[in-house]
Amino acid sequence: MDKEKIIQQTQEYIEGKFSGEGTGHDWWHIYRVWTMAIHIANKEKVDLFIVELGALLHDIADHKFHGGDHSVGPEEARKWLSSVGADEDTIQKVCHIVEHASFKGSGSKSKMESLEGKIVQDADRLDAIGAIGIARAFAYGGSLGRPLHDNDNKKDSTVNHFYEKLLKVKDLMNTKTGKEIAEERHQYLEEYLKRFLVEWEGVGKIKD
Ligand code: ADP
Ligand code: NI
């Protein structure tokens with residue numbers, strides 16, 4: 001098993017598959033999760049090969065696009081990994097990550113068991129907050145035809161998604177490194193929201 005080659009082939013495969021995707025699951029999301037996962041993993045005692053494959057493959061078949069079917073992702077990951085000659089142990093560990101990686105909000109308790117998977121989960125969640133997270137939320141909301149915001153928060157709006165999910169992300173972090181980065185990005189989210197709500201009325205300014 002040539003690990004370096006498997007990573008390289010997986011990167012090329014995923015880059016091809018995700019290029020130009022417009023709902024926040026484009027290649028650059030995967031790329032950021034990959035590099036962030038490596039960054040976090042470097043501070044932990046883990047199998048970097050599993051972390052990298054987990055990150056690259058974590059959204060391979062997002063359940064949202066498969067009618068809520070959570071088995072499609074691991075199946076696709078298994079097919080891919082055996083086609084590039086990964087061993088069964090690797091396949092099982094990576095499939096576990098793919099199965100539990102999707103961001104299901106704050107309500108559901110994570111079943112991610114391996115530290116490698118927890119790192120991928122942190123990296124994935126970090127991409128939902130901060131400046132990139134804001135951009136992804138509005139892109140995703142737009143793709144569903146949702147309003148940016150509505151004053152009484154009755155309809156599903158993207159600003160509503162901030163309160164329902166994004167502002168809760170920092171408390172879901174698994175690793176110390178993830179927590180530190182999340183704290184900083186969370187602060188930015190709060191500042192952004194404050195400014196957004198002031199400007200929403202048209203004439204508002206933060207400072208007069
Ligand atoms: P992941 O990359 O972890 O699989 P999701 O598929 O849950 O993430 O979401 C992808 C991106 O879309 C995230 O940035 C998330 O905040 C955003 N998103 C998900 N649901 C909504 C929503 N209802 N409104 C706005 N943004 C959303
Ligand atoms: Ni993702």
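# Notebook: a nickel site among helices

I started at the metal: the nickel ion (ligand 2) takes its protein donors from His29 (NE2), His58 (NE2), Asp59 (OD) and Asp124 (OD), at 2.1 to 2.3 Å. I keep in mind that this is a predicted model. Along the chain I read the donor spacing as H-x28-H-D-x64-D. I then looked up where the two histidines sit: His29 is in helix H2, while His58 is in the loop between H3 and helix H4 (72-83), 29 residues away, so to my eye the pair links distant parts of the chain. Buried or exposed, I asked of His29 and His58? Both of them are buried.

**Entry: the whole chain**

I stepped back to the fold. I find nine helices and zero strands in the protein chain, and from the N terminus the order reads α-α-α-α-α-α-α-α-α. Of its 208 residues, 46% count as buried. I also looked at contacts between residues at least 6 apart in sequence, and 66% of these join residues at least 24 apart. For the surface, I noted about 11,100 Å² exposed, with carbon and sulfur atoms supplying 49%.

**Entry: helix H2**

His29 brought me back to H2, which covers residues 27-41. I get 15 residues and a reach of 21 Å from first C-alpha to last, close to the 21 Å expected at 1.5 Å a residue. Which residues of H2 are buried? I listed Trp27, His29, Ile30, Val33, Trp34, Met36, Ala37, Ile40 and Ala41. A general point helps me read that list: an α-helix has 3.6 residues a turn, so residues three or four places apart point the same way. Next I checked the cover over these buried residues, which includes helix H1 (3-18), helix H3 (48-57), helix H6 (115-126), helix H7 (130-143) and helix H9 (176-200).

**Entry: helix H7**

H7 was on that cover list, and I looked it up next. H7 has 14 residues and reaches 20 Å from its first C-alpha to its last, close to the 20 Å expected at 1.5 Å a residue. I noted its buried residues as Gly130, Gly133, Ile134, Arg136, Ala137, Phe138 and Gly141. What covers the buried residues of H7? I found H2, helix H8 (158-164) and H9 among the cover. After H7 comes Gly145, and I noted its positive phi, near 75 degrees.

**Entry: aromatic rings**

I count twelve aromatic pairs in the structure. Trp27 and Trp34 make a tilted one, with 6.4 Å centre to centre and 55 degrees between the planes. Why do I call Trp27 buried? Its relative accessible area is 4%, and anything under 20% counts as buried. Trp34 counts as buried too, at 14% relative accessibility.

I then turned to Phe162 and Tyr192: their ring centres are 6.2 Å apart and their planes are at 15 degrees, so the pair is stacked. This pair links distant parts of the chain, with Phe162 in helix H8 and Tyr192 in helix H9, 30 residues apart. Phe162 is buried, at a relative accessible area of 0%, whereas Tyr192 is partly exposed at 26%. I also traced a cluster in which ring pairs link Phe138, Phe162, Tyr192, Phe196 and Trp200. Phe138 is already in my notes as one of the buried residues of H7.

**Entry: salt bridges**

My search of the whole structure gives ten salt bridges, and I wrote up some of them.

- Lys93 pairs with Asp89, the closest N and O atoms being 3.0 Å apart. I find both in helix H5 (residues 88-100), four residues apart, about one turn of the helix. Lys93 is partly exposed at 39%, and Asp89 is partly exposed at 45%.
- Glu180 pairs with Lys176, with 3.2 Å between the closest N and O atoms. Both lie in helix H9, four residues apart. I have Glu180 as partly exposed at 47% and Lys176 as exposed at 62%.
- Arg195 pairs with Glu199 at 3.6 Å between the closest N and O atoms. These two also lie in helix H9, four residues apart, about one turn. Arg195 is partly exposed at 43%, and Glu199 is partly exposed at 45%.

Last lookup: I found Lys17, Glu76 and Lys79 linked in a network of salt bridges.

Key. Residues numbered from 1 in each chain as written. Chains lettered and ligands numbered in written order. Predicted model: local features only at pLDDT ≥ 70, side-chain atom pairs only at ≥ 80, totals over all residues. Heavy atoms only, no water. Buried < 20%, exposed > 50% of the residue type's maximum accessible area, 1.4 Å probe, protein only. Contact = heavy atoms within 4.5 Å. Areas by Shrake-Rupley, 256 points an atom, 1.4 Å probe, with all protein chains shown as cover. Expected span 1.5 Å × (residues − 1). Donors = N, O, S within 2.8 Å, 3.2 Å for Na, K, Ca; no water. Salt bridge = Lys/Arg side-chain N within 4 Å of Asp/Glu carboxyl O. Phe/Tyr/Trp six-rings, centres within 6.5 Å; stacked < 30°, edge-to-face > 60°.
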